[in-house]
Amino acid sequence: VEMESDELRQQCAEHMSFVHQSVGTAAAQYKTQERRDVYTTPKSFLELIALYKLMLGKERGAIDLLRTRLSDGLIKLHDAQSQVADMQVQLQEESIVVETKKAETNVLLEQVGKESLVAE
């Protein structure tokens, strides 16, 4: 199993050994309480390691998926931010045109008002 450092690998190995020994201790207590034997074998230790590797692989895959989703989301947010900035520039340019048209319309309305007064 690939680990980030040798220290982490050593700590993981020590933990696996501790868990296996703890199961042995719990099995002895179980035997005294329930009068049933439970055995811890080298194969059960290897199965523990295989289970750890399987779960570690699944968790790393889930983390990679989340990392990819986060990266894609950040890219989309950055794109949206640039689009909003472009739209704001376009809005400012168009607001100038709207103000010009509004002024022209007001002038036209005044002319129509004067002409209608003259026509009456």
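A helix here is a DSSP run of H or I covering at least four residues, and helices are numbered from the N terminus. With that settled, the fold is quick to list: this predicted model has two helices and zero strands in its chain. Helix α1 takes in residues 6-34, while helix α2 takes in residues 42-119.

The overall outline comes next. Measured out along the principal axes, the C-alpha trace spans about 115 × 35 × 15 Å. The radius of gyration tells a matching story: the chain has 38 Å, whereas a compact globule of 120 residues would have a value near 14 Å. As for burial, just 4% of the 120 residues count as buried.

How do the two helices sit against each other? They pack at an angle of about 135°, and their axes are 10 Å apart. Angles over 145 degrees would count as roughly antiparallel, and those from 65 to 115 as roughly perpendicular, so α1 and α2 end up oblique to each other. The crossing in which α1 passes α2 is right-handed. On the α1 side, the residues that meet α2 are C12, M16, S17, V19 and H20. Their partners in α2 are S44, F45, L48 and Y52. Sorted by class, this contact has six nonpolar residues and three polar ones, with no charged residues at all.

Between α1 and α2 there is a loop, and R35 is found in it. The backbone of R35 does something a bit unusual: most residues other than glycine have a negative phi. R35 is not a glycine, yet its phi is positive, at about 60°. Is the residue buried or exposed? R35 has a relative accessibility of 77%, and because anything over 50% is called exposed, R35 goes into the exposed group.

A few pairs of residues help to show how distance along the chain relates to distance in space. G24 belongs to helix α1, and T40 comes 16 residues away along the chain, with the two C-alpha atoms separated by 6.1 Å. G24 counts as partly exposed because its relative accessibility is 26%.

Further along, A103 is part of helix α2. The C-alpha atoms of A103 and Q90 are 20 Å from each other, with their positions 13 residues apart along the chain. At 41% relative accessibility, A103 is therefore another residue that counts as partly exposed.

A119 also has its place in helix α2. Its relative accessibility is 67%, so A119 counts as exposed. How far apart are the C-alpha atoms of A119 and K31? They are separated by 115 Å, and the two residues are 88 apart along the chain.

Conventions. Residues numbered from 1 in each chain as written. Predicted model: local features only at pLDDT ≥ 70, side-chain atom pairs only at ≥ 80, totals over all residues. Heavy atoms only, no water. Axes fitted to C-alpha atoms, helices over the stretch in contact; angles between N-to-C directions. Parallel < 35°, antiparallel > 145°, perpendicular 65-115°, else oblique. Left-handed = near helix turned anticlockwise from the far one by under 90°. Contact = heavy atoms within 4.5 Å. Nonpolar A, V, L, I, M, F, W, Y, C, P; charged D, E, K, R; others polar. Buried < 20%, exposed > 50% of the residue type's maximum accessible area, 1.4 Å probe, protein only. Rg over C-alpha atoms; globule rule 2.2 N^0.38 Å.
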